[in-house]
Amino acid sequence: MELILFIITALVALGSAFMVITRRSPIASVLFLILTFFCLAVFYVMLGAQFIAAMQIIVYAGAIMVLFLFVLMLLNLRGTQSWEVGNPLRKWLGFAAAGGILLVAATAIKSVGMIGTELDPALGTVESVGRNLFTRFLLPFEIASVLLLGAIIGTVAMVKQKQSESAEEKGGEEQ
Amino acid sequence: MIFNPTDLLAVLPEISILVLTLLVIMLELLITRRVLVLQIVTLVGLAAILLITCFAGLGSHGGAFNGMIASDGFSVFLKALLIGVTMMVIFTSREYLRGSNVRYGEYTGMILIATCGMMVLVSATDLLTIFLGIETMSIALYVLAGIRSGRARSSEAAFKYFLLGAFSTGFLLYGMALIYGATGGKTNLTEIGQVISELKDMPVYLFAGVGLISIGLLFKVAAVPFHFWSPDVYQGSPTPVTMFMAVGPKAAAFAVFIRLFGSALSGLSADVWGPVLWVVAVATMTLGNIIALSQTNIKRMLAYSSIAHAGYLLLAVLASANPEVHVTASAGLLFYLTAYAFMNIGAFTVAILVSRSRKDGDYHIDDYQGIASTNPWIAGAMAIFMISLSGIPPTLGFFGKLYVFSAAVKAGYITLVVIAVLNSVISVYYYLRIVVYMYMRPAAEPKTVLVKEYSWAIVVGICAVIIMLAGILPNQTMKKAISGAETKVNPTQTVIKT
Amino acid sequence: MSEFWINLLAALAKMGIMISIVMGLATLLTWVERKQSAIMQDRLGANRADIFGFRIIGLFHPFADAIKMITKEDFVPPFSDRLLHTLAPVIAFSTALMVFAVIPLGPSVVIAGHRITGQIANINIGLLYIFAFGGLAVYSAVIAGWSSNNKYTLLGAVRASAQMISYEVCLGLSLIGAIMIYGTYDLTNMVAQGQSGYILGWIPRWGLFLQPLAALLFLPAAIAENKRIPFDLPECESEILGFFTEYSGLRAGMFMFAEFIELIAVAALFSVVFLGGWLVPYLTWGADGANIPWCAFQFPWGGMWYIEMWVGKALEFGALFFKIAFMIYFMILIRWTLPRFRYDQVMKLGWKYLLPLAMLNLLVTGVVLVVM
């Protein structure tokens, strides 16, 4: 039963991930990426990490992809221009490098073998995650809050300009 | 148990920097917009934090917060260095940003947050803390690189830095995940070291993990072949930010290198990362020096020279994997980082001085022609910086290279040291070219007085004095560095509370 | 294995019941809205639709609306993305419905020896699920506005998503206060905890009394999420164009239906979290010495009034329904009383007033919890 669900979800995930990189229109790519995240959330639930699954949808599919969609809408990117690679050698070099990484990954996975999924379902609950977050991982948690603070202040600092600079810009460009 | 109250002493510097950040931002918002007041508050705060750091370092040494960070002499040394660097950057920024639309309070807040991230990074002994420190530092720096967002160059610099930095963080994280899996679920560096020393056959993805982590870290220090962002970002950012960027992240990232590669992964050095870093170090030094030869923009030249210095520092990392030389190599790294910090800050500040004296504010090398006749003190200071950067005695730079190279020789990397010395010789050309321009060329036009702003002159003076004094008496600094390196929490001291 | 099939059967049955109740209620709500607004405004309201001359105070109007919408022309604006244009109402509708998977519509009953809870999915992360799918509703507005190939609808979509994102934060924070008090994300568990004792001896431990500020903040945030007046700037069609201007017929019908379903969801959520769910004040269940269960009204002055078990259960189902109906009535009341906020007022309210208050609520709740 679980195997069937896993196979279906895996096929959908791989398919939508493939569609993300092959679509012409960026909006379609974004929507397929959201579908991929949903499939990832299903994987997390199957592994017993329900909290992470909810976080995946709330944060990734619900906030970050909205940001992506916003940017695409406001920049009015419709994907009508095609991408030209300057030197075809670069493309083949990229394929070779990606193939190398795939080879390493495949060897690594083959060497591990099958791991029994003895997963403790109590580990994925909100209580367990919360307890660990506030005792064992307290310092990284707090540093993450500093990181977010820095990001918020920095974004506003970069964007909000006094009126004088844009007027100054009209007159010369310095280095 | 949650945490030991004494652990708070270990993070007291970071907490106080955060308090200062919020204070400065609130101050600008609510009370005053006068930049001088903000700057004085920041500098006084930073001086207090320096005292707090040294005081916190007097406590017991060991792990803190369940092994997430370490409180030891190594991190205290680097934290003090970072605070000194930040003070000088703040000192320089006020006059530089005068007339631009950058809000000084937020600018200072971002610099302080970057410093906080770096301080976390230098004391991090866990993969999680390393990642968070790198991200905090990087995000603050992305913002700072682009903070003059009205100027195209600044936005270009921020954009490049952000894109490439985000990618490299992705590699870093993937490497951390692979190492986590390979060691059976350990993120603490000491535990990783233990697991690796007990492993009989290395799983392939441990190698992959180490490789990916090194990609992320090598990007941060702008080593070849991940250096392409460095000259453009250094050139485009506002120069105080460039100064900060050239010194701080390198110091913090090399601290991570020593803790990660020197201690935890030292067992793998012979087979896995030793040869790779060897090649990277050679390529970095050589490429950095050779490309710097043809630069005509002083900021780009200093950027490529930073790349070359990162190559020299990688020698210290390679040497530290050898357990006998570990302490000497770490101490050498600390010493070199101190020298490097002051040299670069001084050089960049003189660059600001010279560029601001011209109407168009260009950073061309030809501006330095004949400065010695009009401003002998500035020229003398710049000469000291250039001589120190190229490693000519009796400056601090020379002793830094001496200690690092001798540690590498003791660890057995003789060919590498020979290549490094040859590279130092090559670098003499472009460093001393500036000195030649200053002293032996006539001035192109009647020069006006350079020193319009006293704060820049103060910074230049401080750096020059430190370099000369500490260069003549290197032992004092070296003693501090060695004591710092000795108390570094190393793999035999496992202090992890669960 | 039979446990699995029984659970599956129960879940399917609950799904069927839930969908029929919700959809039926949403259909009824179209009529309720018109009639209640009419009564408030001292007029007759819609009362023309009839079948064979029977008007029944206009109750046939929902059917008339449905027939009208189905038979209208299915128009997709030219040069727009057809697939996305069709996708937007689907997303709105489905995310609104999916929220009901974790909202309990009644207490647990024991049927044939198996305990069946009132919610379809008993997951540990109940409220987080609601945050997740409530947050996905932003996509419907964004995609609707963008795919209409109309710059005014695009601006409407940007307004809508900015408003929804801003109030999502406040919504979450106000609910976290309740989560802190009850210590669980599971809604059935939350309601069950409301039964344990009384404050000051006679006030039941409902969220409204334990977290008054959170309840006060939840309601505007939820109404803003729902894009109802006073926050319906994104969709006011007559003054400025909203994001579903280019939608007509059944597509627009789906949007409006989705809005009503969200209304029911908000009302149900508020009732369950803050109004004590299906708990009737002073109604307690117990078992005496011989483990025979009883059900009684246990008044604070000491009197006990025993009632039948099935009467108790029926009272509980009825109580929840009554609370949901009351909240719906209240929100329709607000809709027809208040004027619309301007965009800057909406943003100011969300970020400068509601968010700091929500955080203050969290702080005070945390301090109180630590002290006690």
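This report looks at how chain A meets chain B and chain C, and then at a cavity lined by parts of chain C.

Keep in mind that this is a predicted model. Let's start with the two interfaces. The size of an interface is often given as the accessible area lost when the parts come together. Here are the basics for each pair:

| Chains | Residues in contact | Area buried between them | Part on carbon and sulfur atoms | Salt bridges |
|---|---|---|---|---|
| A and B | 34 residues of chain A, 45 residues of chain B | about 3600 Å² | 67% | zero |
| C and A | 23 residues of chain C, 24 residues of chain A | about 2000 Å² | 77% | zero |

**Chain A against chain B**

How many residue pairs are in polar contact across the interface of chain A and chain B? The count, with both residues at pLDDT 80 or more, is zero. On the chain A side, four helices each chip in at least two residues: H4 (88–112), H5 (126–135), H6 (138–159) and H7 (163–170). H6(A) gives the most, with 15 residues. Sort the chain A side by class, and you get 17 nonpolar, nine polar and eight charged residues.

**Chain C against chain A**

Now for the other interface. Which residues of chain C lose the most area to chain A? They are Asn124(C), Tyr139(C) and Trp146(C), and together they make up 31% of what the chain C side buries. Between chain C and chain A, four residue pairs are in polar contact, counting pairs with both residues at pLDDT 80 or more. The chain C side draws at least two residues from each of H3, H4 (126–135), H5 and H6 (151–182) of chain C. By class, the side of chain C that touches chain A has 18 nonpolar residues, five polar ones and no charged ones.

**A cavity lined by chain C helices**

The structure also holds eight cavities of 30 Å³ or more. Let's pick one of them. The second largest cavity has a volume of about 110 Å³, and 14 residues line it. Which of these lie nearest its centre? That would be Ala92(C), Lys227(C), Phe255(C), Glu259(C) and Glu262(C).

Three helices of chain C each supply at least two residues of this lining: H3 (82–98), H5 (137–147) and H10 (250–273). H10(C) gives the most, with four residues. What classes do the lining residues of the second largest cavity fall into? Seven are nonpolar, three are polar and four are charged.

Two of these helices have come up before: H3 and H5 of chain C each supply at least two residues to the side that touches chain A, and each also supplies at least two to the lining of the second largest cavity.

How values were computed: Residues are numbered from 1 along each chain as its sequence is written. Chains are lettered from A and ligands numbered from 1 in the order in which they are written. This is a predicted model: local features need pLDDT of at least 70, side-chain atom pairs count only at pLDDT 80 or more; totals for chains, interfaces and linings use all residues. Side-chain values use heavy atoms; hydrogens and water are left out. Contact means heavy atoms within 4.5 Å. Buried area is the accessible area (1.4 Å probe) that two parts lose on being put together, summed over both. A salt bridge is a side-chain nitrogen of Lys or Arg within 4 Å of a carboxyl oxygen of Asp or Glu. A polar contact is a pair of N or O atoms within 3.5 Å; within protein, one must be able to donate a hydrogen and the other to accept it, and residues adjacent in sequence count only if both atoms are side-chain atoms. Ala, Val, Leu, Ile, Met, Phe, Trp, Tyr, Cys and Pro count as nonpolar, Asp, Glu, Lys and Arg as charged, and the others, Gly among them, as polar. On a 1 Å grid over the protein atoms alone, a cavity is a set of points where a 1.4 Å probe fits but cannot get out, and a pocket is an open set with protein on both sides within 12 Å along at least five of seven lines; lining residues have an atom within 4 Å of a point. Grid points are joined across faces, edges and corners, and a volume is the space filled by probe spheres set on the points.
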